[in-house]
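Trainee: I would like a close look at the aromatic rings in this model and at how they sit in the fold. Please go slowly, and explain each term when you first use it.

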Amino acid sequence: MLQIRRDLVDAMVAHARRDHPDEACGVIAGPEGSDRPERFIPMLNAARSPTFYEFDSADLLRLYRDMDSRDEVPVVIYHSHTATEAYPSRTDAKIAAEPEAHYVLISTRDPHEHELRSFRIVDGLITEEPVEVVESYRFAHTGPDDFPEPSAL
């Protein structure tokens, strides 16, 4: 399951809308070993295409060096589909190279609504996973009654 903050979802959707009719793409990095998306990194679609996305190889190298220096990994790799549903294409599955990443797709085919789905892609095998959008990662697995009382702080 992908657990992700609402502000990060809003940032991905805004990026997808901004780049429409071309596909948008990017990464959300997080601390190594955490599976927690934290740092939103929009990228340029080097293909500049409405049907395909491609990270610029120089930009990608800089990104991975930066993540390494921060002890981060790509927790989410996202891109948009501008005319089809939010489901990985054969090409998407073929180029998926991060087996631990959540592959998030945002469909912007409807100008008023978006569709957002997450997948794990390992060796070309696509598995959809649930997405839980939270306001904060703190207390995300607990209920509203689990906040500490002000006197306990």
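**Aromatic pairs and their surroundings**

Mentor: Searching the whole structure gives 3 aromatic pairs, a term for rings of Phe, Tyr and Trp (its six-membered ring) whose centres lie within 6.5 Å, with planes under 30 degrees apart called stacked, over 60 edge-to-face and the rest tilted. Before we look at two of them, keep in mind that this is a predicted model, in which local features need pLDDT of at least 70 and side-chain atom pairs count only at pLDDT 80 or more, while totals for chains, interfaces and linings use all residues. Residues are numbered from 1 along each chain as its sequence is written, and side-chain values use heavy atoms, with hydrogens and water left out.

One of the pairs joins Tyr53 and Phe55, whose rings are 5.6 Å apart from centre to centre, with 80° between their planes, an edge-to-face arrangement. Both Tyr53 and Phe55 are buried (under 20% relative accessible area, where over 50% is exposed and anything in between is partly exposed).

Another pair is made by Tyr87 and Phe119, and it counts as edge-to-face because the planes of the two rings stand at 85°, while their centres are 5.2 Å apart. Tyr87 belongs to the loop that runs between strand E4 (72–81) and helix H3 (90–95), whereas Phe119 is part of strand E6 (residues 115–122), so this pair ties together parts that lie 32 residues apart in sequence; helices (H or I, at least four residues) and strands (E, at least two) are DSSP runs numbered from the N terminus. The two partners of this pair also have their own exposure values: Tyr87 is partly exposed, at a relative accessible area of 34%, whereas Phe119 is buried, at 0%.

Going back to the stretch of chain that comes after Phe55, you meet Asp56, which caps the N-terminal end of helix H2 by placing a side-chain oxygen 3.1 Å from the backbone nitrogen of Ala58. Helix H2 covers residues 57–69, and its 13 residues should span 18 Å at 1.5 Å a residue, which agrees with the 18 Å between its end C-alpha atoms, the expected span being 1.5 Å times one less than the number of residues. After H2 comes Asp71, a residue whose phi is positive, near 55°.

Note on methods
Buried < 20%, exposed > 50% of the residue type's maximum accessible area, 1.4 Å probe, protein only. Polar contact = N/O pair within 3.5 Å; in protein donor to acceptor, adjacent residues only side chain to side chain.
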